[in-house]
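Q: Please take a close look at one part of this model: the aromatic rings and the core around them. I am new to this structure, so keep it plain.

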Amino acid sequence: MLFRSVANGQEKYEIYLRNSTGWTRVGLEDGTIEFKEELWNYSVGNYGFDGCSKLTRIDISNNITSIGTYCFRSCTSATSVTFGNFLTNIGDNAFQSDVSLNTITFPNSVTNIGSYAFTNCTDLTNIVENLG
């Protein structure tokens with residue numbers, strides 16, 4: 001669940017994921033989203049961060065196995081995405097129109113990249129394969 005608030009003209013986001021033991025807060029500081037290692041085998045849901053224009057960097061740690069459809073679409077300030085070593089699926093249109101995105105680091109575990117996942121990422125120039 002994504003909570004967005006605006007105070008004094010500043011956007012603030014707080015993210016919570018639910019599992020069998022309750023709700024866990026996910027870090028989001030200074031325009032960077034980072035999924036903590038204590039979560040495991042999670043999917044980041046469809047439209048989860050769609051239009052979060054203040055995100056500048058997206059780090060997906062090993063606990064995330066799937067990125068949903070339109071999940072990070074139109075995150076227009078994001079310049080880099082790094083995926084954890086157990087990611088297998090990137091949904092359709094997941095990063096569509098992330099116009100500032102210039103670097104993506106993929107693990108070799110990815111088996112599916114959905115249709116139009118990176119369409120209109122006009123600054124994308126660096127694709128790195130992480131064999132770790």
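A: What follows goes through confidence, the core, the ring pairs and one polar residue.

This is a predicted model, where local features need pLDDT of at least 70, side-chain atom pairs count only at pLDDT 80 or more, and totals for chains, interfaces and linings use all residues. Residues are numbered from 1 along each chain as its sequence is written, and side-chain values use heavy atoms, with hydrogens and water left out.

Start with confidence. pLDDT is the predictor's confidence in each residue, from 0 to 100. The mean for the protein chain is 79, and 67% of its residues reach 70 or more. Confidence is lowest in strand β1 (residues 2-7), at a mean of 53, and highest in strand β11 (residues 112-113), at 95. Strands here are DSSP runs (E, at least two residues), numbered from the N terminus.

Now the core. A nonpolar core is a set of buried Ala, Val, Leu, Ile, Met, Phe, Trp, Tyr and Cys residues joined through side-chain atoms within 4.5 Å. Buried means under 20% relative accessible area, with a 1.4 Å probe and protein chains only. The largest such core has 25 residues. Ile58, Ile67, Phe72, Phe83, Ile90, Phe95 and Phe118 touch the most other members. Two elements, β7 (64-67) and β10 (103-107), give two or more residues to this core.

Next, the rings. Rings of Phe, Tyr and Trp (its six-membered ring) pair if their centres lie within 6.5 Å; planes under 30 degrees apart count as stacked, over 60 as edge-to-face and the rest as tilted. The whole structure holds seven aromatic pairs. Phe49 and Phe72 are stacked, at 5.1 Å centre to centre and 5° between the planes. Phe49 sits in the loop between β5 (42-44) and β6 (57-59), and Phe72 in the loop between β7 and β8 (80-82), so the pair ties together parts 23 residues apart in sequence. Both Phe49 and Phe72 are buried.

Phe83 and Phe95 pair edge-to-face, at 5.8 Å and 75°. Phe83 is in the loop between β8 and β9 (89-90), and Phe95 in the loop between β9 and β10, 12 residues apart. Phe83 and Phe95 are buried too. Ring pairs link Phe49, Phe72, Phe83, Phe95, Phe106 and Phe118 into a cluster.

Last, Asn93. Asn93 lies in the loop between β9 and β10. Asn93 counts as buried because its relative accessibility is 11%. Its side chain makes a polar contact with that of Gln96 (2.7 Å). A polar contact is a pair of N or O atoms within 3.5 Å; within protein, one must be able to donate a hydrogen and the other to accept it, and residues adjacent in sequence count only if both atoms are side-chain atoms.

Notes. Buried means under 20% relative accessible area, exposed over 50%, partly exposed in between (1.4 Å probe, protein chains only). Helices (H or I, at least four residues) and strands (E, at least two) are DSSP runs, numbered from the N terminus.
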